[in-house]
Every structure is written in C-alpha cells, then in structure tokens.
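Work through these exercises with the sequence and the model side by side. Try each task before reading its solution.

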Amino acid sequence: MYKTTKLVPALLVLALLSGCAAAPANKQAMIVSQSSAVNVEQKGKFVVNAVSGGKATNPFWTSQVSNESFEAALKESLALSEFTAADSVASKYKIDADLVSLKQPVFGLTFDVISTVNYKVYGDGVDRVFPIVATGTATTSDAFVAITRLKIANEKSIQENIKEFIKQLSSSDIK
C-alpha cells in the first residue's frame, strides 16, 4: 500500500507535466496538396454544401475532428485540385460529407486511426455516394506523447480519406 500511495501522485504530476490536454485536429495538417489526377472535364464544377459527423474536442478527453476543421480541409483540398466552382451558383454539383466514424486506439506505441466518410455528390441528374475508408498512422517518431500522437493519426486519416475521395471523384464518370 505504501508504494501505491507514492506512485499515484507521482504519475499524476508526470501526466500534468507531459501536457495531457487533448488538442483538436488541425485543418492545415488534413489538406491534400494539388492532385495531378484531376479529370479536366470536372474542374470548377463542385461546391461543398454540408459536412456532418465531426465532434468538438474536449480538452480533457481525446482528440477529435470537428465539422469546421474537416470542412475547411475538404474545401481547400478540392480547391487545390481545381474541382471547386467559383461560387455555389456556378457549381454543377454539390458535395455533402458525413464523417460516419473515427475509430481510435485506446493505447499503444503506434496509433492507427480509421476514418469512414460518406461523400454524397448530387445535382444535374447525379446522385452518387462515395463511401471512403482510410487509415492514418502515427508512431512515437511522430510524437512521444500519446495525446499528440492520436491527434496526428486523426489528421493523417482524414487527409488520406480526402485524398482517396479526390482520386475516386477524378476517375468517376461524373462530368
């Protein structure tokens, strides 16, 4: 009992000093740079209409991906790939993205986060869903502190998810 009573306060102090507060996923880290696979016939025809399913991060719990960060990363990624229309009136198609799940590990040295997003593309006679599942991995070489490692794995997972959506959208028959 004596060892346990000294160990618990020491672990609490260590946890506080290591920065336990969870940080939300960063939009900049989720952006996909310009894709070379963009179908020329699809340039400037899309606009992001709605993003749902994200969660705000509670600083005393685990890192999450908010709707706002996900939407901003999706919009900027599509813009860099030249998919985005000048404005919603000029768009031919709308995109809704629903973050269905973000499966996060509880502990470990390597964190694999699996994101599942349903992207719905609709308008001008098109109504199609692109279900995308992607994994983002962060190891201790990315960040020693587990909370930071989870945040990085979240960001990589969403970035890979958006990248796969752009790839599938580019190769689709939507014109």
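**Exercise 1. Locate Ser63 and decide whether it is buried or exposed.**

Solution. Start with its place: Ser63 is found in the loop between E1 and H3. Helices (H or I, at least four residues) and strands (E, at least two) are DSSP runs, numbered from the N terminus. Next, take its accessibility. Ser63 has 0% relative accessibility, so it counts as buried. Buried means under 20% relative accessible area, exposed over 50%, and partly exposed in between (1.4 Å probe, protein chains only). Accessible areas come from the Shrake-Rupley method with a 1.4 Å probe; for residues, only the protein chains shown count as cover. Finally, list what it touches, leaving out residues up to four places away in sequence. The partners are Ala22, Ala23, Pro24, Ala25, Thr57, Gln104, Leu150, Lys151 and Asn154. Contact here means heavy atoms within 4.5 Å.

Some ground rules apply throughout. This is a predicted model, in which local features need pLDDT of at least 70, side-chain atom pairs count only at pLDDT 80 or more, and totals for chains, interfaces and linings use all residues. Residues are numbered from 1 along each chain as its sequence is written, and side-chain values use heavy atoms, with hydrogens and water left out.

**Exercise 2. Write down the order of helices and strands along the chain.**

Solution. Count the elements: there are four helices and four strands. Then read along the sequence. The pattern is α-α-β-α-β-β-β-α.

**Exercise 3. How do E1, E2 and E3 pair?**

Solution. Two strands pair if DSSP finds at least two bridges between them. Take E1 (residues 46-52) and E2 (residues 93-103): they run parallel, joined by six bridges. In this pair, Ala50 stands opposite Asp96 of E2. Now take E2 and E3 (residues 111-123). Nine bridges join them, in the antiparallel sense. Here Lys103 has Ile114 of E3 as its bridge partner.

Then trace the crossover. E1, helix H3 (residues 67-80) and E2 form a β-α-β unit, and this unit is left-handed. The test for a right-handed crossover is a clockwise path from the first strand over the helix to the second, with the strands pointing away from the viewer.

**Exercise 4. Which residues have the most contacts inside the largest nonpolar core?**

Solution. Begin with the rule. A nonpolar core is a set of buried Ala, Val, Leu, Ile, Met, Phe, Trp, Tyr and Cys residues joined through side-chain atoms within 4.5 Å. The largest such core has 36 residues, and Phe70, Tyr119, Val121, Ile162 and Phe165 have the most contacts inside it. Two or more residues come from each of E1, H3, E2, E3, strand E4 (126-138) and helix H4 (146-171). H4 gives the most, with eight residues.

Zoom in on Ile162. Beyond its neighbours within four places in sequence, Ile162 contacts Met30, Val32, Phe70, Ala73, Leu74, Ser77 and Tyr119. In the chain overall, 36% of the 175 residues count as buried.

**Exercise 5. How many salt bridges are there, and what do Lys75, Asp124 and Asp173 pair with?**

Solution. A salt bridge is a side-chain nitrogen of Lys or Arg within 4 Å of a carboxyl oxygen of Asp or Glu. The count is eight. Three of them follow.

- Lys75 pairs with Glu71, with the closest N and O atoms 3.0 Å apart. Both lie in helix H3, four residues apart, about one turn of the helix. Lys75 is partly exposed at 38%, and Glu71 is partly exposed at 22%.
- Asp124 pairs with Lys92, at 3.4 Å between the closest N and O atoms. Asp124 lies in the loop between E3 and E4 and Lys92 in the loop between H3 and E2, so the pair ties together parts 32 residues apart in sequence. Lys92 is partly exposed at 33%.
- Asp173 pairs with Arg128, the closest N and O atoms being 3.3 Å apart. Asp173 is in the segment after H4 and Arg128 is in strand E4, so this pair ties together parts 45 residues apart in sequence. Asp173 is exposed at 61%, while Arg128 is partly exposed at 34%.

**Exercise 6. What is phi of Glu82, and what is phi of Asp124?**

Solution. Most residues other than glycine have a negative phi. Glu82 has a positive phi, near 65°. Glu82 sits in the loop between H3 and E2 and is partly exposed at 35%. Asp124 also has a positive phi, about 50°. Its relative accessibility is 53%, so Asp124 counts as exposed.
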